[in-house]
Amino acid sequence: MVSVDFRVLTQPVGIMRLMATITTCLCFVLVATVGHNGSPYWAWCMFTWSFCFFFTLLILILEFTTVSRKLPFAWDDFTAAFAMLACLLCLSTSIMYPTFFTCMNCHRQIGASVVSWVCLGIYVGEVVFTRLRPRGEIIGFLSTLPGIMKMLETFLACLIFMSLETGRYTIYSELQWCVAVYSLCFIFAILIILLTLGQLTTRLPFPFEILVIVYNILAAVMYATAMVMWPLYGFKNVKRPGDCGHLCWWDKLVMVTVMTIFNFLVYTVDSGYSIYLVSIQNTQ
């Protein structure tokens, strides 16, 4: 039977979530009233604010009605992971939107940019509170460093997908391989996150830790090839156009190159740390 818990709305985390729903909704409304923009970066900002608003409100409703206690997955791990993901999303929009879509006389755009930074601060506060657990309390995979790196890997992959243009990577098969690397690694990272959220890792016919290590190493190697091939063939025989301005195809090639390097570094660190954790467990 469903009941209500008013303490959810009066605790510090609940208050922060209420503030997050208000500020994300305000960002979305301010930008929507300006008008539509065909840029994928504009769409990313709008998606971020609507995504964070919807899931923060959903978390509040499920906790207020105590339905969250009956869900068949690690709820605390999910909410902590969402708060960390929201921090990454709001950080990207707080940098991206004012950089590409504001001007000195764009009052609503400036307002949305300021409120977006407020959203980021609220979600950072939620992360701090959700991770201040009593010593010895067990936390889920997504609340640990490997879980955080998994979310970071998927986040960087989303930025790569947003910057891809079909007409640019279909020219060379090497660039198509890079897109395949981004897609495969993204899919498998999402699967690992879903397995941990659904607490299905113990049902696998092999150790989950070994699966993660093998995946991380393969992903790091694949990203290493993409890190070399993408700039080598993406910028082959092309120069930045004089009338490029903001957000032209050349800038997007640079964005994909930078995000590829970042993701390679994250996968490399993730691989090393996963191997370290397993070695520590085997010596105990």
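Helices in this tour are DSSP runs of H or I, at least four residues long, numbered from the N terminus. The model they are read from is a predicted one, and the stops below go from helix 2 to helix 3, across to helix 4, and then on to helix 8.

Select residues 12–34 to begin, which gives you helix 2, whose 23 residues reach 33 Å from the first C-alpha to the last, close to the 33 Å expected at 1.5 Å a residue. Colouring this helix by accessibility should pick out its buried residues, among them V13, G14, M16, R17, C27, L30 and V31. Step past the end of helix 2 and you come to G35, where phi is positive, near 125°.

Next, select S39, which caps the N-terminal end of helix 3 by placing a side-chain oxygen 3.1 Å from the backbone nitrogen of Y41. Extend the selection over residues 40–64 to show helix 3 itself: its 25 residues should span 36 Å at 1.5 Å a residue, and because the end C-alpha atoms are 35 Å apart, the model agrees with that expectation. After helix 3 comes T66, another place to check the backbone, since its phi is positive, near 60°.

Now turn to the aromatic side chains, for which a search of the whole structure finds 21 pairs. Select W49 and Y97 together: the ring centres are 5.7 Å apart and the planes stand at 70°, so this pair is edge-to-face. The two residues are 48 apart in the chain, with W49 in helix 3 and Y97 in helix 4 (residues 75–101), and their pair thus links distant parts of it. W49 is buried, with a relative accessible area of 0%, and Y97 also counts as buried, at 2%.

Staying with helix 3, select F51 and F55, whose rings form a tilted pair, 4.7 Å centre to centre with 50° between the planes. The two are separated by about one helical turn because they are four residues apart in helix 3. F55 counts as partly exposed, at 23% relative accessibility. To see the wider setting of this pair, add W44, F47, F54, F82, Y123 and F155, which ring pairs link with F51 and F55 into a cluster.

For the last stop, move to helix 8 (residues 173–197) and select F188, which lies in it. At 46% relative accessibility, F188 counts as partly exposed. Adding L184, I187, I190, L191 and L194 to F188 completes a nonpolar surface patch of about 530 Å².

Conventions:
Residues numbered from 1 in each chain as written. Predicted model: local features only at pLDDT ≥ 70, side-chain atom pairs only at ≥ 80, totals over all residues. Heavy atoms only, no water. Expected span 1.5 Å × (residues − 1). Polar contact = N/O pair within 3.5 Å; in protein donor to acceptor, adjacent residues only side chain to side chain. Patch = residues over 30% accessible without salt bridge, like charges linked within 9 Å, V, L, I, M, F, W, Y side chains within 5 Å. Areas by Shrake-Rupley, 256 points an atom, 1.4 Å probe, with all protein chains shown as cover. Salt bridge = Lys/Arg side-chain N within 4 Å of Asp/Glu carboxyl O. Buried < 20%, exposed > 50% of the residue type's maximum accessible area, 1.4 Å probe, protein only. Phe/Tyr/Trp six-rings, centres within 6.5 Å; stacked < 30°, edge-to-face > 60°.
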